[in-house]
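Biologist: I'd like a close look at one part of this model, the place where two helices of one chain pack together. Could you walk me through it and then show me where it sits in the chain?

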Amino acid sequence: MIDDNLIDERLTALFAEPEAAPDEAFVGRIQRAVLAEQRMAAARKALWLRFGIEAAGSVAVAIAFVLLGRLGPFTLELGKGPSGPGLAAGLVLLLWLAVELRPVAATKT
Amino acid sequence: MDQDSELARRAAAGDAVAFTALVRLHEGAVRRFLTRLTRGRGADDLSQDVFLKAWRMAGHWRGEGSYRGWLMRIAWTQFLSAHRAAGRSAARDQAAYDLDLPSAPDPDAAIDLNRALAALGERERAAALLCYGEGCSHAEAAEIMGLPLGTLKSIVARARTALAAQLETIQ
């Protein structure tokens, strides 16, 4: 019966392989995959940000329409500026326009 | 802080250059382990998956144990997932498989070893590869394979007996 330690030593010797130099082709493959992953992550982040902006804009417009709906017929008295829900709704609509038009302006430049 | 820990810390912060250095340091061991574990089938793709997962999970490395051990643990779990996803049973492929082992000191011995490994179950094969091929202690191998130490020791003992019986060179 062979001693377990002797078998372990022989198996270790049999399994041993000299450390080879790094396989640059494989390393390059991983590098490219990591780069692609980074780009995907950045694109995903931008997409979520865009989605957040769009969602916020949609909510703002919805609120603006609700507020405008509560106003009744629009009348403008002389010497008095718009106030109350009308002003709030107008501001929200302006904000939405600003948010919506900003990326278009940015892409055109 | 050792080189691996420093590189892993930078990789966790999103430094792809540091991660590439880690790949360069450990790809040999990971691919050797997976090549022998999978008997050469799809080992490179699996290795790529391991490193991509390591990149995605870079922030999860706590610095407990070696970075190579952490990678080997990912390699083992990836192997198991791929193995199960492919619907392969634990049936053993007794046929000889032809691996490209140009650096092996004795090609005949390498083929014998590969045949002997092919006859082992996946857990025995992995345990033998980690303990004999990668120089892991039983505790490290148990950690990598997610097994209690006693179970791992039993598996290694079974692998030793099976390998010793099959390898004429050992007798």
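Modeller: A quick definition before we start: I call two residues in contact if their C-beta atoms, placed from the backbone, lie within 7 Å. Keep in mind too that this is a predicted model.

Now to the helix pair. H2(B) brings Leu22(B), His26(B), Ala29(B), Val30(B), Phe33(B), Leu34(B), Leu37(B) and Thr38(B) to the contact, and from H4(B) they meet Tyr67(B), Arg68(B), Leu71(B), Met72(B), Ala75(B) and Phe79(B). Sort those residues by class and you get eleven nonpolar, two polar and one charged. As for the geometry, the axes of H2(B) and H4(B) are 10 Å apart and make an angle of about 35°. Their crossing is right-handed.

Let's zoom out a bit. Chain B has eight helices and zero strands, so to speak an α-α-α-α-α-α-α-α pattern when you read along the sequence. Its domain assignment gives domain 1 as 1-88 and domain 2 as 96-171. Between the two, 13 residues of domain 1 of chain B are in contact with 15 residues of domain 2. On the domain 1 side, our two helices turn up again: helix H2 (16-38) and helix H4 (67-85) are the elements that give two or more residues to the side touching domain 2. That side has five nonpolar, five polar and three charged residues.

For chain B as a whole, 36% of the 171 residues count as buried. Among its contacts with a separation of 6 or more, 63% come from residues 24 or more positions apart.

Definitions and conventions
Residues numbered from 1 in each chain as written. Chains lettered and ligands numbered in written order. Predicted model: local features only at pLDDT ≥ 70, side-chain atom pairs only at ≥ 80, totals over all residues. Domains from an automatic or database assignment. Helix = DSSP H or I, 4+ residues; strand = E, 2+ residues; numbered from the N terminus. Nonpolar A, V, L, I, M, F, W, Y, C, P; charged D, E, K, R; others polar. Buried ≥ 20, exposed ≤ 12 C-beta atoms within 10 Å, placed from the backbone. Axes fitted to C-alpha atoms, helices over the stretch in contact; angles between N-to-C directions. Left-handed = near helix turned anticlockwise from the far one by under 90°.
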